[in-house]
Amino acid sequence: PHTGGGRPFMLPSMTRSANYARAFQMHRAALMDLYEQLPEDQGTFSAWEGGMNFMAQADHLSVSATRFLSMIQGQTPAPAPEPSQTLTEARGRLWDTNEQALAAISALTDEDLARRVPAFGGREMPVTALLDMIITHEAHHKGQVWVMARMVGVKPPMFVKMG
């Protein structure tokens, strides 16, 4: 659904920000569907030594989305919360940050999308580049979770959730 270059695939009746929100939601909704299938006792499963487990992956995606959005809004990102202690807690963070991200992305105007903001290491980036990063970062880690799920015997849903 995304072509890169700061321009999501546009549905005719949608604003640019709505299209970014849709692209994010297609990945996050599929991820949340998979997390619903994961057994609670598999929360600490990691595919490799030193790799993030299911809870850490969910926490990482939750924190990352809020940090990217803080940069877009010109705010200093809040410190990361303590790691989730259960898979249920990690799932809750995914749901909460999903709603926050969708609201923040959808509220962006064309003027907001044209802005450049301070980002990593003081480097300025276009808001659209940060939105692209949120979406590709989500897809990257979601792919890792898909593989991990198969390793514990869970068949993941379709990679993106349409509609």
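**Exercises on aromatic contacts**

W146 is buried in this predicted model, its relative accessible area being 10%.

**Exercise 1.** Determine what kind of aromatic pair W146 and F159 form, and which parts of the chain the pair ties together.

*Solution.* Begin with the geometry: the ring centres of W146 and F159 are 5.6 Å apart and the planes meet at 80°. Planes over 60 degrees apart count as edge-to-face, and this is the class of the pair. Next, place the two residues: W146 belongs to helix 5 (residues 127-151) whereas F159 lies in the segment after helix 5, so the contact joins parts 13 residues apart in sequence. Finally, consider exposure: F159 is partly exposed, with a relative accessible area of 37%, while W146 is buried.

**Exercise 2.** Find where the charged end of K142 sits with respect to W146, and where K142 lies with respect to F159.

*Solution.* Taking W146 to start with, the charged end of K142 sits over its ring, 5.5 Å from the centre. Turning to F159, K142 lies over the face of that residue, at 3.5 Å from the ring centre.

**Exercise 3.** Classify the pair of Y35 and F54, and state whether each residue is buried or exposed.

*Solution.* The search of the whole structure gives three aromatic pairs. In the one formed by Y35 and F54, the centres are 6.3 Å apart and the planes stand at 85°, so the arrangement is edge-to-face. This pair links distant parts of the chain, with Y35 in helix 1 (residues 16-37) and F54 in helix 2 (residues 54-72), 19 residues apart. Because buried means under 20% relative accessible area, Y35 at 1% is buried, and F54 at 0% is buried too. As a last step, Y35 and F54 are placed together with F45 in one aromatic cluster.

Notes
Residues are numbered from 1 along each chain as its sequence is written. This is a predicted model: local features need pLDDT of at least 70, side-chain atom pairs count only at pLDDT 80 or more; totals for chains, interfaces and linings use all residues. Side-chain values use heavy atoms; hydrogens and water are left out. Rings of Phe, Tyr and Trp (its six-membered ring) pair if their centres lie within 6.5 Å; planes under 30 degrees apart count as stacked, over 60 as edge-to-face and the rest as tilted. Helices (H or I, at least four residues) and strands (E, at least two) are DSSP runs, numbered from the N terminus. Buried means under 20% relative accessible area, exposed over 50%, partly exposed in between (1.4 Å probe, protein chains only). A charge sits over a ring if NZ of Lys or CZ of Arg is within 6 Å of the ring centre and within 35 degrees of the ring normal.
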